[in-house]
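Q: Could you take me on a close look at the largest nonpolar core of this protein chain? I'd like to know which residues make it up and how the parts around it are arranged.

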Amino acid sequence: MGTPRLAGGYEGPGSVLVSPVPHQMLPYMNVGTLSRTELQLLNQLHCRRKRRHRTIFTDEQLEALENLFQETKYPDVGTREQLARKVHLREEKVEVGYKNRRAKWRRQKRSSSEEAENAEKWNKTSSKASPEKREEEGKSDLDSDS
């Protein structure tokens, strides 16, 4: 019969159970009282929760990605590999860069179409001005012709 496990906990050798600890709490813990196994488990947990490395593209890489994006929104794997070699990136980074660029492109399209709709609505409401106001506008147009 196995040793019971706590939900979300980690079972170590010798039935040592360690609950997940947020990495922010590690400096406040009295790690001197923990066994070697418990320290290893905490270290593994801490390492798993570190932020992923974020790629920062150079200007040259961004320019190459953008130029190809203007040609095609969905490059095939061969094209992505070729671009990756050219700008010294892994193909996966080019793929993720493209995915993010397409999301930005869709967001910009949606935003510009919403702006156009809002402008159209504004024009409709301003053209529904009172008949007196339209009459005055008509007179001023006629006055400017003479």
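A: Happy to! In this predicted model, the largest nonpolar core has 10 residues in all: A64, L65, L68, F69, L83, A84, V87, L89, V94 and Y98. Three elements give two or more residues each to this core, namely α2 (59–71), α3 (77–87) and α4 (91–127). Of these, α2 supplies the largest share, with 4 residues.

Let's start with how α2 and α3 meet. Their axes come within 10 Å and cross at roughly 155 degrees. An angle over 145 degrees counts as roughly antiparallel, so α2 is roughly antiparallel to α3. The crossing in which α2 passes α3 is right-handed. On the α2 side, the contact is made by Q61, A64, L65 and L68, and on the α3 side by T79, L83 and V87. Several of these names should be familiar: A64, L65, L68, L83 and V87 are also members of the core.

Next, follow the chain out of α3. The loop between α3 and α4 holds H88, and its backbone deserves a look on your screen. The phi of H88 is near 60 degrees, a positive value in a residue other than glycine. As a general point, most residues other than glycine have a negative phi. H88 also counts as exposed, because its relative accessibility is 72% and the cut-off for exposed is over 50%.

L89, by contrast, is one of the core residues, and those are buried by definition. Leaving aside residues up to four places away in sequence, L89 touches T55, F57, Q61, A84 and V94. Two of these partners, A84 and V94, belong to the core as well, while Q61 takes part in the contact between α2 and α3.

To finish, here is the wider setting. The protein chain has 5 helices and 2 strands, and along the sequence they follow the pattern β-β-α-α-α-α-α. Buried residues make up 18% of the 146 residues in the chain. Among contacts with a separation of 6 or more, 42% are between residues 24 or more positions apart. The accessible surface of the chain comes to about 12100 Å², and carbon and sulfur atoms account for 51% of that.

Terms used
Residues are numbered from 1 along each chain as its sequence is written. This is a predicted model: local features need pLDDT of at least 70, side-chain atom pairs count only at pLDDT 80 or more; totals for chains, interfaces and linings use all residues. Side-chain values use heavy atoms; hydrogens and water are left out. A nonpolar core is a set of buried Ala, Val, Leu, Ile, Met, Phe, Trp, Tyr and Cys residues joined through side-chain atoms within 4.5 Å. Buried means under 20% relative accessible area, exposed over 50%, partly exposed in between (1.4 Å probe, protein chains only). Contact means heavy atoms within 4.5 Å. Accessible areas come from the Shrake-Rupley method with a 1.4 Å probe; for residues, only the protein chains shown count as cover. Axes are lines fitted to C-alpha atoms, for helices over the stretch in contact, and angles run from 0 to 180 degrees between N-to-C directions. Angles under 35 degrees count as roughly parallel, over 145 as roughly antiparallel, 65 to 115 as roughly perpendicular and the rest as oblique. A crossing is left-handed if the near helix is turned anticlockwise from the far one by less than a right angle, and right-handed if clockwise.
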